[in-house]
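Visitor: Please take one part of this structure and examine it closely, with the criteria behind each term.

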Amino acid sequence: MKLEQYKIDSHNADLYEKHQKKLAYLQKELPESEEIIKKLQDFQIAIPSWALGTGGTRFGRFSGAGEPGSLEQKIEDVGLLHAINKSSGAISLHIPWDIPQDAEKIKNLAKSYGLKFDAVNSNTFQDQKGQEHSYKFGSLHHVDPNVRNQAIAHNIEVIEYGKALGSKALTVWLADGSSFPGQLNFREAFQNTLASLQAIYAELPEDWKMFVEYKGFEPNFYSTTIADWGQSLLLANKLGEKAYTLVDLGHHQPNVNIEQIVAILLGENKLGGFHFNDSKYADDDLTAGAIKPYQLFLIFNELVDGLAYQGLDFASSLGWMIDASHNLKDPLLDLMQSVEAIKIAYAQALLVDRKALKIAQQENNVVRAQEILQDAYRTDVRPLLAESRHRNGAALNPVQLFEDLNLRAALIKERGHQGIATGL
């Protein structure tokens, strides 16, 4: 379904007077407001095709109604989301969950919604119907070269799909690892993974990037072959200048200093991008900013500082994507909340007085440094986000618009109650 612009305009007209009062106050307090609004207008966060249906746990999945049952319908959902917030102008496909049967038709459909294709993602953590060799004991690290070659061929196939759609990056996440001591030779597993990735890397187009993702545990519980950012960075350095580390916020042990990881990777020019989500215990895949909003702000503080230091464009230099699993919420509402939280953290990070912070750091003034960061973090920047959306023709309050128009009911009317989206 496509959302008519007049419905967004009507929604905005009802909220505009109240919005203007909040915005005027903030603009008076913050002389940098106009610059921040413009940067927020440019900042886009990709939506993964697998996040448009209800997710699940190892114990069950509680599917919602009106879920997208095809790639075309997933594109429609991202198009709807983008029409509402004008911040979600790209979709990331996971192969083979979402294989484009007619790439040109799919590209034109996406274009009609103002969307482009972000990184394509391979899947060697599941066996597919008709697959010759199983990934039960791994894929790119497998002891059997036939399994490794099958996984390599799949990744190359994913690159081909991406080329047809206009993508510029491949994301590789591996479930490869072991659950019991002695099950795996760590050194050989790492070398097999490197050799496999090198074979895939050789097939990358010149203007592409490879994102090497890492995760501390799950589905294996004793070891993961690419377990942390150091191992990912080691592989990326060995692969070449087109390979980068991808940071998923949920793929760390509790209390790991992710913002420090981000700063170091930026300094090494090896930070490829992000999968945004939030967690309390492990890889919970919760709504971004729902549990640790201050950590999200601190991450963006390092991003704003590091990218500016290198003279890189914030909106286009890295891959920005949400990676979450919605088991209780409407997926589209959850995605709206994540996009909002991410852009709030970005706007707050733009408020940090960098000169004053640098002086406090040079003087070892710990109290002053904390005050500078927390002053920015405690500023309510939501009116700036709303204004950036309004200027782009989007909704002042995306969640309210979705609920007031009862858009899920409209999707159910179109698709029925029984559709189950492919993916998580």
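Guide: The account below concerns one helix and the core to which it contributes.

This is a predicted model, in which local features need pLDDT of at least 70, side-chain atom pairs count only at pLDDT 80 or more, and totals for chains, interfaces and linings use all residues. Residues are numbered from 1 along each chain as its sequence is written, and side-chain values use heavy atoms, with hydrogens and water left out.

Helix H11 comprises 20 residues, 331–350; helices are DSSP runs of H or I with at least four residues, numbered from the N terminus. From first C-alpha to last, H11 reaches 29 Å, close to the expected 28 Å, the expected span being 1.5 Å times one less than the number of residues. At the N-terminal end, H11 is capped by aspartate 330, which has a side-chain oxygen 2.9 Å from the backbone nitrogen of leucine 332.

Of the 20 residues in H11, 18 are buried, that is, under 20% relative accessible area with a 1.4 Å probe and protein chains only. The largest nonpolar core has 111 residues; such a core is a set of buried Ala, Val, Leu, Ile, Met, Phe, Trp, Tyr and Cys residues joined through side-chain atoms within 4.5 Å. H11 gives the most to this core, with 13 residues.

Leu170, Phe274, Phe300 and Leu303 have the most contacts inside the core. Beyond its neighbours within four places in sequence, phenylalanine 274 is in contact (heavy atoms within 4.5 Å) with residues including Leu246, Val262, Leu303 and Trp320.

Methods:
Helix = DSSP H or I, 4+ residues; strand = E, 2+ residues; numbered from the N terminus. Buried < 20%, exposed > 50% of the residue type's maximum accessible area, 1.4 Å probe, protein only. Polar contact = N/O pair within 3.5 Å; in protein donor to acceptor, adjacent residues only side chain to side chain.
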